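Here are a few short exercises on charged side chains and cysteines. Try each task before reading its solution.

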Amino acid sequence: MTGPPTSPDPDTAEPKLVTRPDPLRTDPHPLRADLHTHTDFSDGHHPLSAVVEAAVAVGLDMLVVTDHVRADTTYLPAYTAAVRAARATAPLRLVCGVEAKILDTEGRLDLPEDLTGVEHIALADHRFPLPDGPAHPDSVRALLDEGRLAPDEALRLLVRATARAVGRVPEGRTAHVAHLFSVLPKAGLDEDAVDAALLAPLARACREHGVAVELNEKWRCPSVRTARLLHRAGVGLAAGSDAHRAEAVGRFTWVADALTAATTEERWAS
């Protein structure tokens with residue numbers, strides 16, 4: 001006698017085919033869009049006008065501003081109004097976004113309840129998302145050192161949290177995964193332990209929801225190896241400067257090389 005049917009495990013189910021492209025991609029080359037920038041509305045050093053001017057000067061076709069928010073952030077009405085006003089004269093596509101941290105392994109996001117005017121969410125691993133909430137990397141390092149958390153389990157939890165966060169993006173907003181795995185070295189974990197099987201839930205979620213993974217200039221992550229695995233799994237790769245100063249907007253030195261290496265199979269033939 002067979003038992004009752006069971007639902008597939010979301011972390012092991014077969015990946016589905018790509019259902020739609022990244023909704024932010026309006027230019028055929030990702031280096032013409034910067035999906036991750038900051039202004040002095042949060043921790044950036046320059047006003048929105050200077051960030052837009054820098055994006056125009058470097059020749060971008062699209063700029064996404066992604067100032068940091070938390071659930072208790074109050075500046076959003078002024079911020080979204082400023083972006084809306086700047087868009088009226090900006091000679092590029094200007095997108096109003098925010099950067100929010102992933103809170104736990106269910107993928108909950110640290111977002112204000114009212115997101116009026118916000119078009120895009122950058123999903124970030126500012127803390128290590130554990131089942132009971134976000135942990136400081138030092139705390140995760142201690143758990144690893146004490147043997148209370150195995151490295152492979154920690155990696156699995158982070159990937160699961162990020163994949164579920166992709167599925168929790170509020171309706172009507174686009175999103176991308178910002179500085180994937182930037183938290184790993186801070187917690188003493190090695191990204192080289194990440195393989196295609198471990199990445200499968202995240203790759204599937206990104207494909208299903210049309211969410212790209214950012215190659216981050218500031219933190220130089222994810223690694224080229226990880227980016228290549230994501231590319232092979234059908235995940236879009238995007239460019240993010242993570243600029244906190246206007247002069248860094250759209251400056252993709254490491255990203256340009258990493259993007260080429262990750263998407264050109266001949267470079268990996270050996």
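Buried means under 20% relative accessible area, exposed means over 50%, and partly exposed is anything in between (1.4 Å probe, protein chains only). This is a predicted model, where local features need pLDDT of at least 70 and side-chain atom pairs count only at pLDDT 80 or more, while totals for chains, interfaces and linings use all residues. Residues are numbered from 1 along each chain as its sequence is written, and side-chain values use heavy atoms, with hydrogens and water left out.

**Exercise 1.** Sort the salt-bridge partners K101 and D110 into buried or exposed.

Solution.
- Start with the contact: a salt bridge needs a side-chain nitrogen of Lys or Arg within 4 Å of a carboxyl oxygen of Asp or Glu. For K101 and D110 the closest N and O atoms sit 2.6 Å apart.
- Next, K101: its relative accessible area is 16%, so K101 is buried.
- Then D110: at 10%, D110 is buried.
- To put the pair in context, the count by this rule comes to 7 salt bridges.

**Exercise 2.** Find where the salt bridge between R156 and E153 lies, and classify both ends.

Solution.
- The N to O distance is 2.9 Å.
- Helices are DSSP runs (H or I, at least four residues), strands are E runs of at least two, and both are numbered from the N terminus. R156 and E153 both belong to helix α4 (residues 151–167), 3 residues apart, or about one turn of the helix.
- R156 has 31% relative accessible area, so R156 is partly exposed. E153 is partly exposed too, because its value is 29%.

**Exercise 3.** Classify R148 and give the N to O distance to its partner.

Solution.
- The partner is E146, and the closest N and O atoms are 3.0 Å apart.
- R148 reaches 62% relative accessibility, so R148 is exposed.

**Exercise 4.** Which residues gather in the patch of positive charge, and where does R70 lie?

Solution.
- Patch members have over 30% relative accessible area and no salt bridge, and like charges are joined within 9 Å. Lys and Arg count as positive.
- The surface patch brings together R70, R127, K186 and K218.
- R70 is in the loop between β2 (62–68) and α2 (76–87). Its relative accessibility is 53%, so R70 is exposed.

**Exercise 5.** How many disulfides does the structure hold?

Solution.
- Look for a pair of cysteine sulfur atoms within 2.5 Å.
- The count is 0 disulfides.
- As for individual cysteines, C96 is buried because its relative accessibility is 1%. C206, at 2%, is buried.

Notes. Patches are made of residues with over 30% relative accessible area and no salt bridge: like charges are joined within 9 Å, nonpolar side chains (Val, Leu, Ile, Met, Phe, Trp, Tyr) within 5 Å. Accessible areas come from the Shrake-Rupley method with a 1.4 Å probe; for residues, only the protein chains shown count as cover. The place of a charge is taken as NZ of Lys, CZ of Arg, CG of Asp or CD of Glu.
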